[in-house]
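Student: Please take a close look at the place where the two protein chains meet. Show me how it is built and what lies around it.

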Protein chains: 2
Amino acid sequence: MSLPHPTADQISLPIVLAVLGDPTRLAIVHYLASKEGVPLNCSKFLDLASKTNLSYHLAKLREAGVTRSEAAGTSRLITLRRDDLDKRFPGLLDSVIAAAEGDKGLPAVGTAEVEVSA
Amino acid sequence: MSLPHPTADQISLPIVLAVLGDPTRLAIVHYLASKEGVPLNCSKFLDLASKTNLSYHLAKLREAGVTRSEAAGTSRLITLRRDDLDKRFPGLLDSVIAAAEGDKGLPAVGTAEVEVSA
DNA sequence: TCCTTAGTTCAAAAGTTATTGAACAATTGG
DNA sequence: CCAATTGTTCAATAACTTTTGAACTAAGGA
């Protein structure tokens, strides 16, 4: 049951901008960028919104081509589609993430995080 | 009767992204960028939307801090707030404009343009 | 097998944004 | 002064987006 993703050349600029123009989704992308390489599951974002609402926002990000969601057991592993975005809109993602970095007022992910020590 | 504009530090990233995530407004910004330095009046954009609707979209751009509108007689002179945007979100405007450049499918301004020769 | 965990789907409600036309204001040229 | 030009405001409507809760599916562990 792999979820539908647009191909790189189907990714649309206004749609990407509109999708990033929501504080919850921008916070998700910001957090994904800060953990780049590490695939995260939805539950990481539960302090941003309810489970149902997260499902909605993550679907928007996926359908816009901003993220990729892979099924892994009962989880979804979510990653940024950096290569595709960089190819399609060079510099855009970096400048958005850098700007989000400086933005106090964006919701933050994992403020009450518990690290499991080995 | 000067219209209200946010100061540079009041410009918000998600609001700017949301405002640019509309094809009509993105086309306006793209065209402003292509004529940078030249202040344009609203009528330049009449092939994108009705007069009333343009007024709405131009107000959104102004309120988000993307453009500046100055009253000049019965016209408004509209310019991109490039300095403020570059200071606040370095690289963002350039990457958006470069991406819009490559985007066939965005509405275009002035396709039936008549140049007045001196 | 049964229970739990992880996430989706659906339908409804709430909220927001875009579009429209008619009426208005302000400036300028005749 | 009058008329035309340029753009705004207002109220209504249409069209979307976001949020919600309840019901569901699918996988994994006991």
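Tutor:
**The interface of chains A and B**

Start with the symmetry. A turn of 180 degrees and a shift of 0.0 Å along the axis lay chain A on chain B, with an RMSD of 0.0 Å. This is therefore the relation of a two-fold axis. The two copies use the same surface: 95% of the contact residues of chain A recur in chain B. Keep in mind that the model is predicted.

Now the contact itself. On one side are 20 residues of chain A, and on the other 19 residues of chain B. Three helices of chain A each supply at least two residues of the side that touches chain B: α1 (13–20), α2 (23–34) and α5 (92–101). Of the elements on this side, α5(A) gives the most, with 7 residues. By class, the side of chain A that touches chain B has 14 nonpolar, 3 polar and 3 charged residues.

Look at α5 next. The axes of α5(A) and α5(B) come within 8 Å. They cross at roughly 150 degrees. An angle over 145 degrees counts as roughly antiparallel, so α5(A) is roughly antiparallel to α5(B). Their crossing is left-handed. From α5(A), the residues A:L92, A:S95, A:V96 and A:A99 take part. They meet B:L92, B:S95, B:V96 and B:A99 in α5(B). This contact has 6 nonpolar and 2 polar residues, and no charged ones.

Helix α1 also packs within its own chain. In chain A, the axes of α1(A) and α3(A) are 9 Å apart, at an angle of about 160 degrees. That makes α1(A) roughly antiparallel to α3(A). The crossing of α1(A) past α3(A) is left-handed. Here A:I15, A:V16 and A:V19 of α1(A) meet A:K60, A:L61 and A:A64 of α3(A). The contact of α1(A) with α3(A) counts 5 nonpolar residues, no polar and 1 charged.

Turn to chain B. The axes of α1(B) and α3(B) come within 9 Å and cross at roughly 160 degrees. The pair α1(B) and α3(B) is therefore roughly antiparallel. Again α1(B) passes α3(B) in a left-handed crossing. The residues B:I15, B:V16 and B:V19 in α1(B) meet B:K60, B:L61 and B:A64 in α3(B). By class, the contact of α1(B) with α3(B) has 5 nonpolar, no polar and 1 charged.

Follow α3 on to the DNA. DNA strand C is surrounded by 20 residues. The closest to strand C are A:N41, A:C42, A:S43, A:S55 and B:G73. Elements giving two or more residues to the surface near strand C are α3 (51–64) and β2 (75–80) of chain A, together with α3 (51–64) of chain B. That surface near strand C divides into 4 nonpolar, 12 polar and 4 charged residues.

Then strand D. Around DNA strand D there are 20 residues, and the closest are A:G73, B:N41, B:C42, B:S43 and B:S55. For the surface near strand D, at least two residues each come from α3 of chain A and from α3 and β2 (75–80) of chain B. The classes near strand D are 4 nonpolar, 12 polar and 4 charged.

To put the picture together: α1(A) belongs to the helices that supply the side touching chain B, and α1(A) meets α3(A) within its chain. In turn, α3 of chain A gives residues to the surface near strand C and to the surface near strand D.

How values were computed:
Residues are numbered from 1 along each chain as its sequence is written. Chains are lettered from A and ligands numbered from 1 in the order in which they are written. This is a predicted model: local features need pLDDT of at least 70, side-chain atom pairs count only at pLDDT 80 or more; totals for chains, interfaces and linings use all residues. Two residues are in contact if their C-beta atoms, placed from the backbone, lie within 7 Å. Helices (H or I, at least four residues) and strands (E, at least two) are DSSP runs, numbered from the N terminus. Ala, Val, Leu, Ile, Met, Phe, Trp, Tyr, Cys and Pro count as nonpolar, Asp, Glu, Lys and Arg as charged, and the others, Gly among them, as polar. A residue is near a molecule or strand if its C-beta atom, placed from the backbone, lies within 6 Å of it. Copies are superposed by least squares on the C-alpha atoms of residues with pLDDT of at least 70 in both. Axes are lines fitted to C-alpha atoms, for helices over the stretch in contact, and angles run from 0 to 180 degrees between N-to-C directions. Angles under 35 degrees count as roughly parallel, over 145 as roughly antiparallel, 65 to 115 as roughly perpendicular and the rest as oblique. A crossing is left-handed if the near helix is turned anticlockwise from the far one by less than a right angle, and right-handed if clockwise.
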